[in-house]
Amino acid sequence: MRRFPLPALHSCVTCAVLLIGCQSTLEPVQPTPPPPASQSLSFEIAGPSQIDVSGPFSWEAFAFGGSGVYQYQWEVTRLALQEISTGTGRELSLLVADTDGDMLLTLTVTSGNEVRVQRFGVRNCIGGCDAAP
């Protein structure tokens with residue numbers, strides 16, 4: 001029967017004890033990720049920029065950034081009539097006729113203490129339009 005030297009056996013026992021002694025039943029604590037960087041408020045308006053037939057049309061605002069709670073204020077100027085109308089909400093719907101002429105949509109979006117304003121021109125070509133304005 002072969003015998004192993006005592007120091008080697010002693011070394012293995014010590015390793016086993018150290019490994020068992022280092023284990024823990026506590027779950028590791030995951031670090032909390034930093035909050036995302038604040039993105040400033042901005043938005044885009046989607047909808048037709050030229051109208052060729054009478055009827056209902058819609059424009060929609062897509063806001064992002066800011067505090068995430070958005071308030072919308074639309075102002076519509078129908079240039080031929082010098083008429084101004086307003087609306088609130090993310091979407092604006094209008095009935096457009098040939099007598100309206102071109103329109104200027106102005107949208108103000110507010111989020112927290114940030115305010116952004118954007119203008120969107122709509123060319124009224126009901127009944128035809130000349131070459132580029």
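As what does C129 count at 32% relative accessibility? In this predicted model, C129 counts as partly exposed, because a relative accessibility of 32% lies between the limits of 20% for buried and 50% for exposed residues.

## Overall make-up

The model is a predicted one, and the protein in it has one helix and eight strands. Read from the N terminus on, the elements follow the order α-β-β-β-β-β-β-β-β, so that the helix precedes the strands.

Of the 133 residues in the protein, 26% are buried, and the accessible surface of the protein amounts to about 9700 Å², with 59% of that area belonging to carbon and sulfur atoms. When contacts in the protein between residues at least 6 apart in sequence are considered, 55% of them join residues at least 24 apart.

## The three-stranded sheet

Strands β1, β3 and β6 form an open sheet in the order β1-β3-β6, and their pairing is antiparallel. The edges of this sheet are β1, covering residues 42-46, and β6, covering residues 91-96, each of which pairs on one side only. From one strand to the next, the twist averages 20°.

Strand β3, made of residues 55-64, pairs with β6 in the antiparallel sense over six bridges. Two positions illustrate the register of this pairing: E60 has E91 of β6 as its bridge partner, and S58 stands opposite S93 in β6.

The side chains of β6 alternate along the strand, with L92, L94 and V96 pointing to one face, where they are buried, and E91, S93 and L95 pointing to the other, where they are not. Seen against this alternation, the β6 partners E91, for E60, and S93, for S58, both belong to the face whose side chains are not buried.

## The hairpin of β4 and β5

Strand β4 (residues 71-78) and strand β5 (residues 83-88) run antiparallel and are joined by six bridges. The hairpin they make has four residues between the strands, and in this hairpin Q82 takes a positive phi near 50°.

Within the pairing, E75 stands opposite T86 in β5. Strand β5 also holds S85, which counts as partly exposed because its relative accessibility is 22% and the limit for buried residues is under 20%. Leaving aside neighbours within four places in sequence, S85 is in contact with W74, E75 and V76; for one of these, E75, which is 10 residues away along the chain, the separation of the C-alpha atoms from S85 is 5.8 Å.

## A buried serine in β7

S111 is found in strand β7, which spans residues 103-111. S111 counts as buried because its relative accessibility is 1%, under the 20% limit for that class.

Apart from residues up to four places away in sequence, S111 touches L41, G65, G66, S67, G68, V69 and Y70. One of these residues, G68, is also reached through its backbone nitrogen, which lies 3.4 Å from the side chain of S111.

## The disulfide and the segment after β8

The protein has one disulfide by the rule applied here, and this disulfide joins C125 to C129, with a distance of 1.7 Å from S to S. A disulfide is a covalent bond between the sulfur atoms of two cysteines. Because the torsion about the S-S bond of C125 and C129 is about -100°, the disulfide is left-handed. The two cysteines fall into separate accessibility classes: C125 is buried, with a relative accessible area of 5%, whereas C129 is partly exposed at 32%.

G128 lies in the segment after β8, the strand of residues 114-124. With a relative accessible area of 52%, G128 is exposed, since the limit for that class is over 50%. The C-alpha atoms of G128 and D98 are separated by 9.6 Å, although these two residues are 30 apart along the chain.

Methods. Residues numbered from 1 in each chain as written. Predicted model: local features only at pLDDT ≥ 70, side-chain atom pairs only at ≥ 80, totals over all residues. Heavy atoms only, no water. Pairing = 2+ DSSP bridges. Axes fitted to C-alpha atoms, helices over the stretch in contact; angles between N-to-C directions. Buried < 20%, exposed > 50% of the residue type's maximum accessible area, 1.4 Å probe, protein only. Contact = heavy atoms within 4.5 Å. Areas by Shrake-Rupley, 256 points an atom, 1.4 Å probe, with all protein chains shown as cover. Polar contact = N/O pair within 3.5 Å; in protein donor to acceptor, adjacent residues only side chain to side chain. Disulfide = S-S within 2.5 Å.
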